[in-house]
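I sat down with this one to look up a few things strand by strand and helix by helix. My notes are below, in the order I went.

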Amino acid sequence: MVTYQYFQKYDYEILDYFVTPLASLITGILLFFVVVLPVFDQTKHLKNLKRILILSGLGILYSFLFIFILHLFPILFYESDSDYFRSIFGFFVADFHNVIKNYLFQIAILFAFEYIGKEREILTKQKDLELELNQTKLQLLKSQLQPHFLFNSLNSVVAEIDHSPKKAQNMVLNLSDLLRETLDGDFEQPISIKEELILAEKYLSIEKIRYEDQLNYEIKLSEDNENLQIPKLILQPILENAIKHGFKGHNRPILIQIKSEGNSIYVQNNGSILQKNPEFGTGLRNVQERMKIFTGMENAFEIYQDVNWVVTKLNFK
C-alpha cells in the first residue's frame, strides 16, 4: 500500500523511460569494472568462507552505490531535493532486491569464468606432465635399447671374426650405420615406414651374413602407406626376437616376412612355435611400451601364432 501511494505521487515523462535504462546500464558497467571485478580478483587467494563474507559485504555496498549513482542522472528532472531523496527511498523499497539479483548474477558469471580457467589450467598442466613423462619414458627406453642392441649385434660379429673375417668386416660396416641412427638420431621423432624398412634390412643383412642360407627374409611395402609415420627402430627388436627364438628347437631354415597392410605392420616367421604364455624380454617390452606411448592404444602391439607362422602385429591409428 505504501509503495502504491508513493508511485501515485509522480507523473513521469517519456524522456524518463530513456534516461533511467541508460543510466542503469552505465552505472552497472561502471561498478562492475571499478568495484566488483577488482575485489573479486583480489579475493582469489582467500579461503572460501572468508571470500564469501567479503563478497556478501560487497553486494550490500554495490547496491547502495548503484542506487545512489543511478539517481545522480535523473536529479536534473526533479524540482527539489525532497523529491530526489524520496525517489531514492522509493527505489530502495521497490527495486533493492533487483539490484542484489543483478550483483549475484555478475558474481555467478565471474565464478563460472574462474572455474573454466582453473579447469583449462589443470588440463594444460596434465598434458604438459604427460608429455614430459612420455619423453622421460622414451629416453629410458632408448637407454635400454642401445646397449641391448649393441651387445647382441656385437655377438653376431664376434662369432664370424675367426671363421670368416670378410663377412665380419661387412657386418661391422652395416652395424656402424645402424648404430649411427641409434645414437645420433632423434629417438622421439617418428620416421616413415619406408625409412624404417631400410634400417630393418640393414639389420637383417647383418644376420644373413651370419646365418647364410639358414635365414631368408622378404620385405613387402604397400605404396598406399609408405609414408605412414612410425617410431624409429621399432622393428629391430622384433626381428632380433624372431631370429633368436625362431631357431630354437630345430635346424631348418626360417623365413622372416615384413609386410604392411593399411595402418598395420606384420612381422612373421615360420620358426619355432610360440609358447602359450610367452614372457617378453627387454626388446619386446621396449616395443610394447613405445607403441603404447606412440599410439595411445593398449592393443597397439600383438603377438600370436597363425598356423605355422609366429606373427607380431603393430597397429597404428
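**Hairpin of S6 and S7.** I looked up tyrosine 304 first and found that its bridge partner in S7 is valine 311. This is a predicted model, so I am reading computed geometry throughout. Glutamate 302 also has a partner across the way, standing opposite lysine 313 in S7. The two strands, S6 and S7, run antiparallel and share 6 bridges. Only 2 residues sit between the strands of this hairpin, and there I noted valine 307 with a positive phi near 60°.

**The sheet around it.** Next I wanted the strand order. It is an open sheet of 5 strands, S2-S4-S5-S7-S6, and the pairing is mixed. Which strands stand at the edges? They are S2 (215-220) and S6 (301-306); each has a single partner strand, so one side of each has no neighbour in the sheet. From one strand to the next, the twist averages 15°. I reminded myself that side chains in a regular strand alternate between the two faces of the sheet.

**Lysine 259.** I then picked a residue in S4 (residues 254-261), namely lysine 259. Buried or exposed, or in between? Lysine 259 has a relative accessible area of 26%, so it goes down as partly exposed, since that class runs from 20% to 50%. I also checked its distance to glutamate 218: the pair is 41 residues apart in sequence, yet the C-alpha atoms are 8.2 Å apart in space.

**Helix H6.** H6 covers residues 193-211, which is 19 residues. At 1.5 Å a residue it should span 27 Å, and its end C-alpha atoms are 26 Å apart, so the two agree. Its buried residues include Ile193, Leu197, Ala200, Leu204 and Ile209, but Glu196 and Glu207 are on that list too.

**Two positive phi values outside glycine.** Most residues other than glycine have a negative phi, so I flagged the exceptions. Glutamate 212, just after H6, has a positive phi of about 55°. It lies in the loop between H6 and S2, and at 41% relative accessibility it counts as partly exposed. Leucine 233 is another, with phi near 60°. That residue is in the loop between S3 (229-230) and H7. How accessible is leucine 233? Its relative accessible area is 5%, so leucine 233 is buried, the cut-off being under 20%.

**Helix H8.** H8 (residues 282-295) has 14 residues and reaches 20 Å from its first C-alpha to its last, close to the expected 20 Å. Among its buried residues I wrote down Leu284, Val287, Met291 and Ile293, along with Asn286 and Arg290. Just after H8 comes glycine 296, with a positive phi of about 75°.

**Second largest pocket.** Last, I turned to the second largest pocket, which holds about 370 Å³ of space. I counted 20 residues in its lining, and those nearest the centre are Asn241, His245, Leu274, Gln275 and Pro278. Which element gives the largest share of the lining? H7 does, with 5 residues. H7 (236-246), S5 (264-269) and S7 (309-315) each supply at least two, so I was back at a strand of the hairpin I started with. By type, the lining splits into 10 nonpolar, 8 polar and 2 charged residues.

Terms used:
Residues numbered from 1 in each chain as written. Predicted model: local features only at pLDDT ≥ 70, side-chain atom pairs only at ≥ 80, totals over all residues. Heavy atoms only, no water. Helix = DSSP H or I, 4+ residues; strand = E, 2+ residues; numbered from the N terminus. Expected span 1.5 Å × (residues − 1). Buried < 20%, exposed > 50% of the residue type's maximum accessible area, 1.4 Å probe, protein only. 1 Å grid on protein atoms, 1.4 Å probe; cavity = no way out; pocket = protein on both sides within 12 Å on 5 of 7 lines; lining within 4 Å. Points joined across faces, edges and corners; volume = space filled by probe spheres on them. Nonpolar A, V, L, I, M, F, W, Y, C, P; charged D, E, K, R; others polar. Pairing = 2+ DSSP bridges. Axes fitted to C-alpha atoms, helices over the stretch in contact; angles between N-to-C directions.
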